[in-house]
Amino acid sequence: MLIYPTIKMGPLLGLQGSGGGLGYLAPKGGAAGPPAGAASFLVFGGATASFDDQVGSLDFTNTGSQMTLSSSTHGGPPGFTSSGLIAGGTGNNTGNVRTADDVIPDFSGDYTIDVCSYNAASTSTSSMMWSVGNYSQGYTQYIYNAGGSVRFDTSNTSWNGRLGEAGSSDPQHNYVQNKWCVSRLRRSGNTTHVNWFEENSGGTGWQNAPGSSFSGSTTGTGPNSSNSSGGRMILNGWAGNGGASGGYSVGSSQVSIAWIVVYASSFTGTPYVG
């Protein structure tokens with residue numbers, strides 16, 4: 001029997017086992033394929049580069065000229081040689097690379113969002129590699145760097161209230177300039193955690209970035225695509241009304257994004273390697 005998998009197919013039941021059988025059919029041209037258990041997986045560099053989610057439905061439909069797929073400007077993280085180069089933020093962030101309204105990760109329970117990015121700007125600037133919110137409201141899901149201070153925030157389903165927030169202690173747990181890093185926002189029960197990872201010295205995987213991971217209490221139900229009141233996910237900027245003047249966007253092609261992995265669970269394993 002011949003089986004022709006689509007790009008969003010997972011493991012095929014009946015073809016798994018310990019005897020060397022076919023356990024996973026990776027997308028043709030992909031590196032390692034989607035990580036096990038991922039609810040969404042997007043790749044912006046390499047043979048499978050696309051604005052479409054390879055596993056779920058977190059497609060980035062508003063891209064314009066803001067991202068160049070498979071750019072060699074910053075190379076790529078472990079397992080990649082290219083990535084998605086972002087030209088910069090737009091005037092009010094509405095033109096940034098983003099999903100359609102009400103197309104967002106599921107924040108209603110436990111979740112993990114890993115975003116692999118390269119930032120050539122100093123940590124003395126301000127940036128958000130990604131955020132999820134509504135342009136007319138203030139509360140947003142994000143990890144931010146504000147002049148070297150790192151913090152996360154969360155929102156309720158209407159984007160008008162906070163479920164919890166916390167900031168890093170010194171030394172700040174932040175990205176490393178001019179190095180591939182992974183930011184992780186993870187909720188487990190009533191606690192949300194932040195981890196930054198940096199590429200290891202051999203370029204083969206990930207290690208903890210300087211500083212210590214941090215967490216904060218989070219109470220209540222977050223938004224998902226069914227109740228998000230016009231929320232969307234954007235790259236390189238603030239999706240809330242704080243981004244009205246292009247806030248937290250890094251310009252001049254200083255930021256590249258290689259991949260995004262979303263888990264509908266609290267994932268504590270090592271970040272993805274292509």
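Which backbone oxygen does the side chain of Thr99 reach at 2.7 Å? In this model, which I should say at once is a predicted one, the side chain of Thr99 reaches the backbone oxygen of Val103 at that distance of 2.7 Å. Thr99 lies in the loop between strand 3, residues 83-86, and strand 4, and despite that loop position Thr99 counts as buried because its relative accessibility is 0%. A polar atom of the same side chain also lies 3.0 Å from the backbone nitrogen of Met233. If we set aside the neighbours within four places in sequence, Thr99 is in contact with Leu58, Asp59, Phe60, Thr61, Arg232 and Met233.

Met233 takes us on to strand 6, since Met233, in strand 14, stands opposite Val132. Strand 6 covers residues 130-133, and strand 6 pairs with strand 14 in the antiparallel sense over 4 bridges. Strand 6 also pairs with strand 7, residues 141-146, again in the antiparallel sense, over 2 bridges, and there the bridge partner of Ser131 is Tyr142. As a general point, the side chains of a regular strand alternate between the two faces of the sheet. In strand 6 both faces are covered, with Trp130 and Val132 buried on one side and Ser131 and Gly133 buried on the other.

Let me stay with Ser131, which counts as buried because its relative accessibility is 0%. Where does its side chain find a polar partner in the backbone of Ala239? A polar atom of the Ser131 side chain lies 2.8 Å from the backbone nitrogen of Ala239, and the C-alpha atoms of these two residues, although 108 residues apart along the chain, are separated by 5.7 Å. Not counting residues up to four places away in sequence, Ser131 touches Thr140, Gln141 and Tyr142, then Arg232, Met233 and Ile234, and finally Gly237, Trp238 and Ala239.

Now to the nonpolar interior. The largest nonpolar core has 36 residues, and those with the most contacts inside it are Phe60, Trp130, Trp196, Leu235, Ile257 and Ile260. The elements that give two or more residues to this core are strand 4 (111-119), strand 6, strand 8 (149-153), strand 10 (180-188), strand 11 (191-199), strand 14 (232-235) and strand 15 (255-263). Strand 15 gives the most, with 4 residues. To look at one of the residues with the most contacts, Trp196 is in contact, leaving aside neighbours within four places in sequence, with residues including Ser117, Met129, Ile143, Val150, His173, Tyr175, Val182 and Asn208, and Cys181 is also among them. Apart from this largest core lies another, of 15 residues, which includes Phe41, Phe80, Cys116 and Trp206.

Cys116 and Cys181 bring me to my last topic, the cysteines. How many disulfides does the model contain? With a cut-off of 2.5 Å between cysteine sulfur atoms, the count comes to 0. Cys116 is in no disulfide, and the nearest cysteine sulfur, that of Cys181, is 8.2 Å away. Seen from the other end, the cysteine sulfur closest to that of Cys181 is in Cys116, and the 8.2 Å between them is too far for a bond. Both residues are nevertheless buried: Cys116 has a relative accessible area of 0%, and Cys181 has one of 1%.

Terms used: Residues are numbered from 1 along each chain as its sequence is written. This is a predicted model: local features need pLDDT of at least 70, side-chain atom pairs count only at pLDDT 80 or more; totals for chains, interfaces and linings use all residues. Side-chain values use heavy atoms; hydrogens and water are left out. Buried means under 20% relative accessible area, exposed over 50%, partly exposed in between (1.4 Å probe, protein chains only). Contact means heavy atoms within 4.5 Å. A polar contact is a pair of N or O atoms within 3.5 Å; within protein, one must be able to donate a hydrogen and the other to accept it, and residues adjacent in sequence count only if both atoms are side-chain atoms. A nonpolar core is a set of buried Ala, Val, Leu, Ile, Met, Phe, Trp, Tyr and Cys residues joined through side-chain atoms within 4.5 Å. Two strands pair if DSSP finds at least two bridges between them.
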